[in-house]
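Subject: Structure handover

Hi,

Here is the structure I promised to pass on to you. Please have it open while you read, as my notes follow below.

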Amino acid sequence: MNAIIYCRVSTDKKTQETSLARQKEELLRLADKYNFTVIDSIEEQVSGYDIERDGIFKMLDYFSEKKANCLLIQDETRLGRGNTKIALFHQLQKLRIPIYTAIHEGELELTESDSMVLQIVGIVEEYQRKIHNMKIKRGMKKAVSEGYNPRQNLSNSNKAPGRERISFPIEEVIRLRNNKLTFDEITKTLNGLGYNVSKATVHRRYLESQNT
């Protein structure tokens, strides 16, 4: 696997630089043990309670862009402390990124309390998404019942000769994308409202709207 090494100390004192070097050395040995390819080694001197860290954003970019698929840290406190640690654990879980620690010489095993908190966070997030989608669905049904016609808001409908363009409310797609919904979630919402449209079509129309 392609790995990211993340090292952190809480102060910017010169004496802590040796701690960063020691962490990196231990993690390079861990990478060799599991035959991981180290893509980058990120080192920071900042509080573990601070989530606004350039190194953390850089690390998450590697994982989001699928340039790396596992994380190496000395121990869980190097990643973060308190709520920051839980938030980062949750994000890495969503990205399906395994965490290996030097202190365990293998994959991190979460404590029972951390696992319980993450389960609760996941359940709450899922219900928030469901409630949000239900509100959208109710709002769309109400708009249609009051005379809203999606066809009136479609542009360039005369530029696709030979095949009738599928009509659906593109402005609603834009609004949902601005609310961070995925194209899969948007497509399911539209299908639930009776619009027989594919994810590919939703994505293509969205790009068209952005280009115009």
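A nonpolar core, as I use the term here, is a set of buried Ala, Val, Leu, Ile, Met, Phe, Trp, Tyr and Cys residues joined through side-chain atoms within 4.5 Å. Please keep in mind that this is a predicted model.

With that in hand, let me begin with the cores. The largest one has 20 residues, and Ile4, Met59, Phe63, Leu71, Leu79 and Leu92 are those with the most contacts inside it. At least two residues of this core come from each of β1, α2 (54–64), β3 and α4 (82–94). Helix α2 gives the largest share, five residues. Another core lies apart from this one; it has 15 residues, including Ile136, Leu181, Leu190 and Tyr206. As background, nonpolar side chains tend to be buried together in soluble globular proteins.

Leu79 is a good place to zoom in. Leaving out residues up to four places away in sequence, Leu79 touches Tyr6, Arg53, Ile56, Met59, Leu71, Ile73, Leu88, Phe89 and Leu92.

Next, the sheet. Five strands form an open sheet in the order β2-β1-β3-β4-β5, and the pairing is mixed. Strands β2 and β5 (106–107) are the edges, each pairing on one side only. Within the sheet, β3 (residues 70–73) and β4 (residues 99–101) pair in the parallel sense over three bridges, and Leu71 stands opposite Ile99 in β4. Helix α1 (residues 17–33) lies across β1 (2–9), β2, β3, β4 and β5, running at about 155 degrees to β1.

One residue of an edge strand may interest you: is Asp40 buried or exposed? Asp40 sits in strand β2 (residues 37–45). Its relative accessible area is 17%, and because buried means under 20%, Asp40 counts as buried. The side chain of Asp40 makes a polar contact of 2.8 Å with that of Tyr62. Beyond its neighbours within four places in sequence, Asp40 is in contact with Ala3, Ile4, Ile5, Lys58 and Tyr62.

Finally, have a look at helix α6 (residues 170–178), where Ile170, Glu172, Val173 and Leu176 are buried. Viewed down the axis of α6, the buried residues fall within an arc of 155 degrees, so they line one face of the helix. More generally, an α-helix has 3.6 residues a turn, so residues three or four places apart point the same way. After α6 comes Lys180, which has a positive phi, near 75 degrees.

Best wishes

Key
Residues are numbered from 1 along each chain as its sequence is written. This is a predicted model: local features need pLDDT of at least 70, side-chain atom pairs count only at pLDDT 80 or more; totals for chains, interfaces and linings use all residues. Side-chain values use heavy atoms; hydrogens and water are left out. Helices (H or I, at least four residues) and strands (E, at least two) are DSSP runs, numbered from the N terminus. Buried means under 20% relative accessible area, exposed over 50%, partly exposed in between (1.4 Å probe, protein chains only). A polar contact is a pair of N or O atoms within 3.5 Å; within protein, one must be able to donate a hydrogen and the other to accept it, and residues adjacent in sequence count only if both atoms are side-chain atoms. Contact means heavy atoms within 4.5 Å. Two strands pair if DSSP finds at least two bridges between them. Axes are lines fitted to C-alpha atoms, for helices over the stretch in contact, and angles run from 0 to 180 degrees between N-to-C directions. The arc is that of the directions from the helix axis to the C-beta atoms.
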